[in-house]
Each structure stands twice: as structure tokens, then as C-alpha cells.
Amino acid sequence: MRNHIPDGLFRRAVPRRPLRRTGIVLVTGLALSLSACTGQGASGSGSEEADSSNGKATLTFWNGLTGGDRKTVDKLIGEFNGSQKKVKVKSVPMPWDVFYQKLLTSVSSGSGPDIVAMDAGQMPKYADKGVLQPLDDFYSSKKHMDTSKLVPAAVSSSKFDGKNYGVPLNMATLMLFWNKTMFKEAKLDPEKPPKTWGELAEMTPKLSKDTDGDGKIDQYALALADSATVPMYPILIWQGGSDLVSKDGKKATLDDPKTLKTLKYWVKQVRSEHVSPVGLNGAKADKLFQTEKAAMEIVGPWATTPFTEAGVKYGVTRPFKGPEGQQTFSSVTSFGVSAKASSQKKAAAYEFFSFWNSKKSQVTFSEGTGFPPDRTDISAAELKANPYAGKFGAPEVLDSARPHLPGLVSGPTITDQIFYPALQRALDGKDDVESVFKKADKQVQAQLDKQK
């Protein structure tokens with residue numbers, strides 16, 4: 001299972017440096033750092049000569065796919081390795097935080113993998129550092145596969161500075177989970193979750209309760225995380241008709257009237273109407289829903305397994321609609337190819353990426369994990385073994401899904417070091433919404449100016 005905390009939250013602040021477009025040439029043969037982490041002694045670089053002698057390319061694949069999806073990932077890699085004799089993929093899984101720490105270390109020490117899996121939102125940072133090489137030729141012809149079948153939002157998520165550095169590995173949309181038991185106990189129709197912000201506001205007094213009579217709310221309508229989480233609040237801002245930055249990524253928009261109007265509405269809903277507790281991170285929000293202390297949560301397909309195993313009787317639907325839309329977030333994990341990989345290994349990687357994104361493989365992956373497929377030509381009827389995959393990948397969901405701050409090197413900094421701290425000050429009542437986000441707007445603009 002994927003951790004609730006998105007990959008991007010393991011991002012580490014990097015001292016500002018001049019932008020650089022030239023690739024870092026990684027020195028071959030340094031497998032020591034990798035073996036220290038994984039207990040395996042091989043690296044992609046170390047097999048280069050062997051590849052040349054026997055004509056077989058071995059791709060060392062660093063990834064953080066260590067949860068419930070690991071079994072299906074290993075199954076597909078095994079099927080690929082057994083399907084032909086020219087390419088072997090050697091998976092080296094590790095926790096995501098270790099992955100990002102090791103990847104940076106490998107850059108500075110001159111070692112590293114041949115291919116990686118990473119949050120697409122991280123790719124601008126690593127592309128900017130010259131760690132990854134552009135993969136535009138994967139999309140420019142149908143030699144490898146018909147890439148027009150891939151979900152457009154999944155493809156565009158890995159673009160940076162006019163080039164595409166990734167190929168989709170998986171994508172996850174966020175949906176509204178609601179607890180049918182708690183709805184029934186509150187005398188609400190258990191089959192009718194809120195469709196709009198207004199309906200949620202009407203339901204909140206029945207779902208947010210002081211259950212033990214101590215004068216404090218201890219059951220909430222919604223678990224709405226305000227730090228270390230998937231972008232729940234940005235979804236609400238999109239639905240209010242704005243964003244954290246402009247579409248071209250050049251202007252901060254936290255002081256936009258629509259942004260401020262949306263934030264004022266939700267801060268009031270949390271502080272005054274008690275729709276959600278304050279100070280939740282992603283893991284706490286999950287726990288609140290799983291222990292039936294919150295009737296709803298906006299979260300991804302990775303939560304279906306633990307919620308089901310906990311015995312929660314829940315449904316899944318699109319997040320409630322705002323005044324200017326019903327958007328949701330799509331998290332994309334992409335394959336990347338190391339800048340040091342040879343043309344032979346790049347071609348071998350393309351063979352693997354094509355296999356992974358074939359219709360047959362995508363059905364296998366979705367049924368095994370609950371994640372929606374990367375392709376647009378797989379129907380819900382073809383995913384009978386795991387109905388959640390069809391729900392998270394429904395056409396109307398994919399059409400409304402978008403990435404968060406794509407193509408921005410400073411995206412992690414803006415989210416984790418500026419937006420969430422500002423939001424927490426507003427939710428804590430330490431500052432009024434307008435003053436705190438006008439100040440945050442200037443900080444975001446300073447980050448954007450560094451990328452110009």
C-alpha cells in the first residue's frame with residue numbers, strides 16, 4: 001500500500017543554486033552505497049560491461065514500491081523478464097524517504113540506478129539537477145507503443161522546461177470516502193453523500209458531535225488534513241476557481257480574491273462549524289476515518305485495503321462540488337531514466353515501459369492494487385476483480401483530475417514550507433486569513449522568481 005503521505009512530502013530542501021541544464025555524468029561501478037541500503041550488491045552501472053559482452057541489458061530499477069502494491073509490481077517485472085531475453089529488470093525497492101535520500105547521495109557520489117520510479121512532482125527538481133534525461137522520443141513515434149492511449153494528465157505531470165522526463169507508472173485520483181454506518185446513525189441517507197459544499201454544510205451539524213457530553217467535539221463530519229498529506233485543501237481552492245499559482249507557474253495567486261474567499265470559507269467551516277479538527281496530518285486523518293471518528297475523508301485508492309480490513313462500511317464517490325467546479329487531484333508516479341544511462345539501456349527501458357503500459361499489464365496492475373489504469377481504453381467492466389480501480393479511474397473522474405503545481409522546481413517548498421504553515425496559522429486563529437495568505441503570496445512569488 002502506498003503511504004498516505006505523498007512522495008513529494010519526503011522532499012528535502014535543497015540550497016538554491018543556479019539553474020543548470022547539462023547532465024551530470026554518473027561514474028560507473030559504485031554499487032557500495034546501494035548495497036548498504038538494500039542488502040543487494042548490484043547497480044545498473046556495474047553491469048554495463050557484462051551487457052556489452054552478452055548483448056543483454058540489465059536495468060537496475062530503484063523504487064519505493066514497498067507496500068501492498070509490491071506483490072503486483074514484482075509479478076509484472078517477472079512477467080516482463082520472462083517474456084524476452086534481451087532485457088532484465090532488477091528491482092531495488094526501498095522506502096520512499098530512503099529512496100530520495102539515496103538518489104541525492106548517488107548524484108553527489110557518482111553512482112546510481114539506470115531507471116527510477118518517483119513522484120512526477122519531484123521530476124522538475126531532479127531534471128533541473130541533470131539527474132534524469134528527457135524521454136520525448138518515447139512519445140514522438142509509435143515505435144514503442146501508441147502513447148495516445150495514456151491518460152493525458154499522467155503524461156503531462158512529468159514535463160519540465162518544455163521536455164518530458166517521465167513515463168507513467170501509476171496514477172491515483174482522490175475520491176470522497178463516506179462512512180455509511182455513521183450516516184445512518186445521524187439519520188442521513190447512507191447512500192447519499194454530499195454532492196456540494198452546501199450539502200456538506202447542511203450535514204455537518206448532524207455528523208460533528210460531542211458524544212460524551214464534555215463540551216468538546218469528538219466526532220467530525222470530515223477528516224481534512226492541513227499538513228503532511230495529499231493536497232486536500234488545494235482541491236478546495238481549485239473548486240473555488242483559483243489555485244496557489246497561475247497556470248503558467250509564474251505568478252503567485254494566494255492573494256487572489258477567489259483564493260482568499262475559498263480559504264475564508266473553509267477556515268470558518270473548520271474553526272466555527274467544526275467540520276474537521278485542526279492540526280491533522282495525513283496519517284491522523286486516515287486514523288480518524290478508520291476508527292469511525294470522522295464520517296468522511298478525501299483520499300486515494302491506497303486507503304481501500306486498510307479501511308476494508310478495519311471493517312468500515314464505506315462508499316467512494318467524487319469529492320463534493322464547489323462553486324466553480326468539481327476538480328480532484330491526480331497523483332502520478334513516473335518512470336525516469338538516469339542521465340548516465342547509455343542509448344542501449346534507454347532503448348531497453350523503453351521496452352519495459354511499453355510492456356508496463358500495455359493494456360494487459362495495466363489490467364493486471366489495477367486489479368492487483370486498486371489503482372486506476374494509466375490508459376484511457378480500459379473500461380470498468382474489464383476491472384471486475386477490483387471494482388475500486390474502476391471507480392478511481394472512471395472517465396468523469398480522470399477528466400476532472402489534475403496535478404498539483406506541475407513543472408515547478410519549487411513546488412515542494414511552496415506546498416510544505418509556505419502554504420501549509422500559513423494554513424495552520426489561519427486555522428489556529430493566530431492570524432486572519434487575509435493577512436497570513438497575503439504574506440505567504442509574497443513568499444511563493446519569491447520562489448517562483450528563482451525559476452525564471
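What follows is a friendly conversation about how the elements of this predicted model are packed and paired.

Reader: What makes up the protein overall?

Author: The predicted model has 19 helices and 12 strands. Buried residues account for 57% of its 452 residues. The accessible surface is about 18400 Å², and 52% of that belongs to carbon and sulfur atoms.

Reader: How do you know what share of the contacts with a separation of 6 or more comes from residues 24 or more positions apart?

Author: Counting those contacts gives 74% for residues 24 or more positions apart.

Reader: Why is strand β11 called largely enclosed?

Author: β11 covers residues 328-337, and 10 of its 10 residues are buried, so the strand is largely enclosed by the rest of the structure. Both faces take part: Thr328, Ser330, Val332, Ser334 and Gly336 point one way, Phe329, Ser331, Thr333, Phe335 and Val337 point the other way, and all are buried. That fits a general pattern: in a regular strand the side chains alternate between the two faces of the sheet.

Reader: How do you know that β3 and β11 are paired?

Author: Pairing takes at least two bridges between two strands. β3 (residues 115-119) has 5 bridges to β11, and the two run antiparallel, with Val116 opposite Gly336.

Reader: What about β6 and β12, and which way do they run against β11?

Author: β6 (residues 167-173) is joined to β11 by 6 bridges in an antiparallel arrangement, and Asn170 stands opposite Thr333. β12 (residues 401-402) runs parallel to β11 with 2 bridges. Since the requirement is at least two, those 2 bridges satisfy it. Here Phe329 stands opposite Arg402.

Reader: Why is Ser334 called buried?

Author: The cut-off for buried is under 20% relative accessible area. Ser334 has 0% relative accessibility, so it counts as buried. This residue sits in β11 and, not counting residues up to four places away in sequence, touches residues including Val116, Ala117, Met118, Val167, Pro168 and Leu169. Its C-alpha atom is separated by 10.0 Å from that of Phe353, 19 residues apart along the chain.

Reader: And why is Thr364 called buried?

Author: Thr364 has a relative accessible area of 17%, which is under the 20% cut-off, so the residue is buried. Thr364 belongs to helix α15 (residues 359-369). Leaving aside neighbours within four places in sequence, Thr364 is in contact with Thr72, Lys75 and Leu76.

Reader: What makes a set of residues a nonpolar core, and which residues have the most contacts inside the largest one?

Author: Members must be buried Ala, Val, Leu, Ile, Met, Phe, Trp, Tyr or Cys, joined through side-chain atoms within 4.5 Å. The largest such core has 122 residues, and Phe353, Phe419 and Phe437 have the most contacts inside it. Helix α18 (residues 411-428) gives the most to this core, with 8 residues. The core draws at least three residues from each of domain 1 (57-173 + 331-402) and domain 2 (175-330 + 407-449). A second, separate core of 7 residues includes Ala120, Val151, Met171 and Leu398. In general, nonpolar side chains tend to be buried together in soluble globular proteins.

Reader: What is Phe353 in contact with?

Author: Beyond its neighbours within four places in sequence, Phe353 is in contact with Ile115, Leu135, Phe138, Val167, Phe335, Gly336 and Val337.

Reader: What makes β8 and β10 edge strands?

Author: The open sheet has 4 strands in the order β8-β9-β7-β10, with mixed pairing. β8 (220-223) and β10 (314-317) each have a single partner strand, so one side of each is left without a neighbour in the sheet. The twist averages 20 degrees from one strand to the next. Inside the order, β7 (residues 175-179) and β9 (residues 294-299) run antiparallel with 4 bridges, and Met175 has Val299 as its bridge partner.

Reader: Which helix lies across this sheet, and is its Phe289 buried or exposed?

Author: Helix α12 (residues 282-290) lies across β7, β8, β9 and β10, at about 140 degrees to β9. Phe289 is in that helix. With 0% relative accessibility, Phe289 falls under the 20% cut-off and therefore counts as buried. Among the residues Phe289 touches, not counting those up to four places away in sequence, are Phe177, Trp178, Met296, Phe307 and Tyr314. The C-alpha atoms of Phe289 and Phe307 are separated by 8.2 Å.

Notes
Residues numbered from 1 in each chain as written. Predicted model: local features only at pLDDT ≥ 70, side-chain atom pairs only at ≥ 80, totals over all residues. Heavy atoms only, no water. Buried < 20%, exposed > 50% of the residue type's maximum accessible area, 1.4 Å probe, protein only. Contact = heavy atoms within 4.5 Å. Areas by Shrake-Rupley, 256 points an atom, 1.4 Å probe, with all protein chains shown as cover. Domains from an automatic or database assignment. Axes fitted to C-alpha atoms, helices over the stretch in contact; angles between N-to-C directions.
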